[in-house]
Amino acid sequence: KYPSNESYEYYDEIYSEEYKTYWKRLGAEIYYESKIPKRILAERNIFPEIENEKMDIDSNGNGITTIISNYLNKNEYDEDLVRQTLLNKLNEIMGDDANFTEIVTQQIKQNETTKWEIFLREEDKGRIALSESGSGLKTILIVLAYTILVPDVEKKKLEDYIFMFEELENNLHPSLQRRLLKYIEDLSL
């Protein structure tokens, strides 16, 4: 029979002072720093967005167009994080399936409203609107935005986060899945 939680005298009787002192000291030395949770839901997408200053991405991918547009078009952000770092990682994950030479944002008219749209330029195909691309490409771009841009926006280190990805494999060819998982694995090392 176990003693009730309120019966600390029981533990005082069965454990030596040396044992209790050791665990008290160890407990005082353990420092726990919580992680910032970021979640990508299984239902996700990237759409054209109305210009705004909000630098936040929700779990569905809303806000990515705004963040990328702000990085590319506002001088307070390092555009090389998108033009070089993000684009290079995107090409690395895409492998032989695509080779994008440029990522840009431009304003488009959509239902009488002006919005920003992400475009990717591919050597043989020209410039392609991300909203007209497949969900696999959007998934990769969402993961890259979360792991490259969000820490920079929030002035944190990548190791300050814990990422929760739901069903990343949806609509990804097995070779893209492997390369995306390799990218995530390399981040965790």
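The exercises below work through the fold, the helix contacts and two single residues of a predicted model.

**Exercise 1. Describe the secondary structure of the chain and decide how spread out the chain is.**

Step 1. Count the elements: the chain has six helices and five strands.

Step 2. Put them in order. Starting at the N terminus, the succession is α-α-β-α-α-β-β-β-α-β-α.

Step 3. Compare the radius of gyration with the globule rule. The chain has a radius of gyration of 23 Å, whereas the rule gives 16 Å for 189 residues; the value is well over the rule, so the chain is more spread out than a compact globule.

Step 4. Add the outer dimensions. Along the principal axes, the C-alpha atoms occupy a box of roughly 75 × 35 × 30 Å.

**Exercise 2. State what share of the chain is buried, what surface it exposes and how far along the sequence its contacts reach.**

Step 1. Buried residues make up 37% of the 189 in the chain.

Step 2. The exposed area is about 12100 Å², and 47% of it comes from carbon and sulfur atoms.

Step 3. Take the contacts with a separation of 6 or more: 52% of them join residues 24 or more positions apart.

**Exercise 3. Classify the packing of helix α5 against helix α6 and list the residues involved.**

Step 1. Locate the helices. Helix α5 covers residues 135–153 and helix α6 covers residues 174–188.

Step 2. Read the geometry: the two axes come within 12 Å and cross at roughly 5°.

Step 3. Apply the cut-off. Angles under 35 degrees count as roughly parallel, and α5 and α6 are therefore roughly parallel to each other.

Step 4. Name the residues. From α5 come I140, V143, L144, T147 and I148, and from α6 come L176, L180, Y183, I184 and L187.

Step 5. Sort them by class. The contact of α5 with α6 holds nine nonpolar residues, one polar and no charged.

**Exercise 4. Do the same for helix α4 against α6, then for helix α3 against α4.**

Step 1. Helix α4 spans residues 80–94; its axis and that of α6 come within 8 Å and cross at roughly 135°. This angle makes α4 oblique to α6.

Step 2. On the α4 side the contact uses K89, E92, I93 and M94, which meet L176, R179, L180 and Y183 in α6. By class there are five nonpolar, no polar and three charged residues in the contact of α4 with α6.

Step 3. Helix α3 spans residues 64–73, and its axis and that of α4 come within 8 Å, crossing at roughly 115°.

Step 4. Here I68, Y71 and L72 of α3 make contact with L81, V82 and R83 of α4. Five of the residues in the contact of α3 with α4 are nonpolar, none is polar and one is charged.

**Exercise 5. Place I36 and W23 in the fold and state how accessible each one is.**

Step 1. I36 belongs to strand β1, residues 36–40. Its relative accessibility is 26%, so I36 counts as partly exposed.

Step 2. Leaving aside neighbours within four places in sequence, I36 touches K156, D160, Y161 and I162. Y183 is 147 residues from I36 along the chain, and their C-alpha atoms are separated by 20 Å.

Step 3. W23 lies in helix α2, residues 17–29. W23 has 45% relative accessibility and so counts as partly exposed.

Step 4. W23 and K38 are 15 residues apart in sequence, and their C-alpha atoms are 33 Å apart in space.

Technical notes
Residues are numbered from 1 along each chain as its sequence is written. This is a predicted model: local features need pLDDT of at least 70, side-chain atom pairs count only at pLDDT 80 or more; totals for chains, interfaces and linings use all residues. Side-chain values use heavy atoms; hydrogens and water are left out. Axes are lines fitted to C-alpha atoms, for helices over the stretch in contact, and angles run from 0 to 180 degrees between N-to-C directions. Helices (H or I, at least four residues) and strands (E, at least two) are DSSP runs, numbered from the N terminus. Angles under 35 degrees count as roughly parallel, over 145 as roughly antiparallel, 65 to 115 as roughly perpendicular and the rest as oblique. Contact means heavy atoms within 4.5 Å. Ala, Val, Leu, Ile, Met, Phe, Trp, Tyr, Cys and Pro count as nonpolar, Asp, Glu, Lys and Arg as charged, and the others, Gly among them, as polar. The radius of gyration is taken over C-alpha atoms; the globule rule is 2.2 Å times the number of residues to the power 0.38. Buried means under 20% relative accessible area, exposed over 50%, partly exposed in between (1.4 Å probe, protein chains only). Accessible areas come from the Shrake-Rupley method with a 1.4 Å probe; for residues, only the protein chains shown count as cover.
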